[in-house]
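Biologist: I should like a close look at one part of this protein, the stretch towards the end of the chain. Please describe how its elements are arranged and what lies around them.

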Amino acid sequence: MNFLQSPLFWEVGGWIVFLIVGSLLIKSDFQTQSSRGQQIGLLLSLVGLLFFMRLPILFINWELNPDESQLLSQAITLRHHPVYWKYVDGATMGPLSCYYVAIPGYLGVPLNYVVLRWIAFFCLLVSMVSGYFTIENFFNARTARLALLPGIAFLAFTTNFDFLHATNEQLSLALIGLAVWQYSRLWRYQSFQSVSNLFLLSFISSLVPFAKLQGTPTVLVLIVAALIGLLNQYPKMSRAAFWRSFGGLLLGGIFFPALVGLFAAGFGVFYDFVHFYIAGNFAYSAEAGFWYFLGQFPLFVGRTGDFLTFVTPTLILIVGWLFLQFRNERGNSSLLLVSLALIAASGYAVIKPGNEFTHYLLYLVFPICLLNAWLIDTFRAPRYTIAWVGLIILSVGINSVIQTNRLVKNSLTDYLTAPFAFCQFHLSETAQEVRKFARSGEDLVVWGWAPQYNVQTQMPQGVCDNHTIRCVMGNDIATHRARYMQNIQRSRPPVFIDAVGPHSMWLYDRKAYGYETFPELKNFIDTNYRLVGEIEKNRVFARIDRYKPLTTTSTYVDEKRTHL
């Protein structure tokens, strides 16, 4: 078992697996024809590489990114209070993502970081496998595995925690993968007149905005492409058949949103749905405009070494195609347009918010792989396969050397240099103190941006927002504060934590963002709660009926978290 805890084992083992997979892909190109079993075997080898390299990460039971704690605290809350927008508001995180994470909790499984990582990894596998079958439908199995290789290598060898943590984009990416796969089935069989298949495409696409609204532009491309495919078949269809097909596409797209609207109205949260989710997400953006962010985007990618390594083979492939194949052989122009439209739409989704959150770049992984496929399909000789696989191995190798030097300076490398050393669920001193005044299942309100305390105590949020950014920043502070007060007066949590300080994301300055800066909240807390003490730079308050003085005060600060 000791060798499994050696980072050298995983590093060397990963490269051995990578080289074996590359060799298998090259060898398959020299065979006259591969059986279906061999094709699936090669797909499984790609999946196996990703699984092998991600396995140590899947057993880290500590927070790698605050988004993980946000997802978990929202899921814990929905387990006890299942009405979204009444008890939970994930801001840019959609309700489906939160309910998806809550599923193990409904089955009695503790909601911790390991559980979250496995269900997020399942979404990653869905997006990659559906991507493979999409490209296979558009082209062939050989093109599919070669086109996905840089994406698999990037996701397997990245050391950037923004790509490794359980991001809130994962469910939307899986749904996008399934939607693109469904579109590829329509395209392959030219069955754009099929009512059931059009309904299924638009239904899956309609789920994406409720997983994460940011994924909407990507699936809109698929809907438009399907509509164009239907219009192209209009001359061969009767008018009644056309309208049935169009109705299937339309009905599939509005069925789930209409259902959400009805449930929201029935539970009295329709205003919250429209104002806080739809309008709030459309307004979500940094201060500068889109064109400024677009100009900054190449610099952003350039600072993200792992993603730049993923994109570089594609750029070289484009140059090679322009010089070697442009005059000789061109692929299907409609597929090129679809791939470019998906890149443009996903790029817009990444750039528009104006925040350089690295994990947003995950939306571009499959569209770029699809462009790879269109280009690779024009290079069919085995020598090109050797060059392509060699290029990817070389680029990953160079990046690994560069990243190794950077990791030495990174305080978070404990997670990577000590595999399986963080399997135990971490309980901070703050969480231990909270448990003296409340039980798991009771509400806990945390002022600031530190939802890890809800996760560590397994206590639901006592307010919709598990971070208070929108109560202290932005153009709608008054509305968010009004809802915050309604929530906390309703829940009257046994414990209230003012976490503004080193353990809070972004909100470090107590003078600027402490609970005292919110007069109504200060009055409510000072009237109904007593300060227990300051633990790890967090102020812990207990409701008067639960209050007892703290004998010691800790000033311990978790350095791992403060550097995230």
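Modeller: What follows is a connected account of that part, with a short view of its surroundings.

The model is predicted, and every value below is computed from it. A convenient place to begin is helix H24, which spans residues 519-528. Within H24, the residues Leu-521, Phe-524, Ile-525 and Asn-528 are buried. These four cover an arc of only 95 degrees around the axis, so they lie on the same side of H24. The face turned away from that buried side carries Pro-519 and Asn-523, which are exposed. The buried residues of H24 pack against strand E1 (444-447), helix H22, strand E2 (495-498) and strands E3 and E4.

Two of these partners, E3 and E4, belong together. Strand E3 covers residues 529-535 and strand E4 residues 538-543, and the two pair in the antiparallel sense over six bridges. In this pairing Arg-530 stands opposite Ala-542 of E4. The two strands form a hairpin with two residues between them. Glu-536 is in the loop between E3 and E4, and has a positive phi of about 50 degrees although it is not a glycine. Most residues other than glycine have a negative phi. Glu-536 also counts as buried, because its relative accessibility is 2%, under the limit of 20%.

Aromatic contacts add further detail. The structure holds 53 aromatic pairs. In one of them, the ring centres of Tyr-484 and Phe-518 are 6.2 Å apart and the planes stand at 55 degrees, so this pair is tilted. Tyr-484 lies in helix H22 (residues 477-491), whereas Phe-518 lies in the loop between helix H23 (510-513) and helix H24, so the pair ties together parts that are 34 residues apart in sequence. Both Tyr-484 and Phe-518 are buried. Another tilted pair is formed by Phe-524 and Tyr-529, with 6.0 Å from centre to centre and 50 degrees between the planes. Phe-524 and Tyr-529 are buried as well.

Charged side chains also meet rings here. The charged end of Arg-481 sits over the ring of Phe-518, at 4.6 Å from the ring centre. The charged end of Arg-483 sits over the ring of Phe-276 instead, at 3.7 Å from the centre. Phe-276 appears again beside His-480, a residue of helix H22. Leaving aside neighbours within four places in sequence, His-480 is in contact with Phe-276, Asp-465, Arg-470 and Cys-471. His-480 counts as buried because its relative accessibility is 6%, under the limit of 20%.

Finally, the nonpolar cores place this part in its wider setting. The largest nonpolar core has 130 residues, and those with the most contacts inside it are Phe-18, Ile-135, Tyr-183, Phe-307 and Leu-361. Helix H5 (residues 113-138) gives the most to this core, with 13 residues. Apart from it lies another core, of 21 residues, and among them are Trp-447, Met-485, Leu-521 and Ile-525. Leu-521 and Ile-525 are also among the buried residues of H24. In soluble globular proteins, nonpolar side chains tend to be buried together.

Conventions: Residues numbered from 1 in each chain as written. Predicted model: local features only at pLDDT ≥ 70, side-chain atom pairs only at ≥ 80, totals over all residues. Heavy atoms only, no water. Pairing = 2+ DSSP bridges. Phe/Tyr/Trp six-rings, centres within 6.5 Å; stacked < 30°, edge-to-face > 60°. Buried < 20%, exposed > 50% of the residue type's maximum accessible area, 1.4 Å probe, protein only. Lys NZ or Arg CZ within 6 Å of the ring centre and 35° of its normal. Arc of directions from axis to C-beta. Contact = heavy atoms within 4.5 Å. Core = buried A, V, L, I, M, F, W, Y, C linked by side-chain atoms within 4.5 Å.
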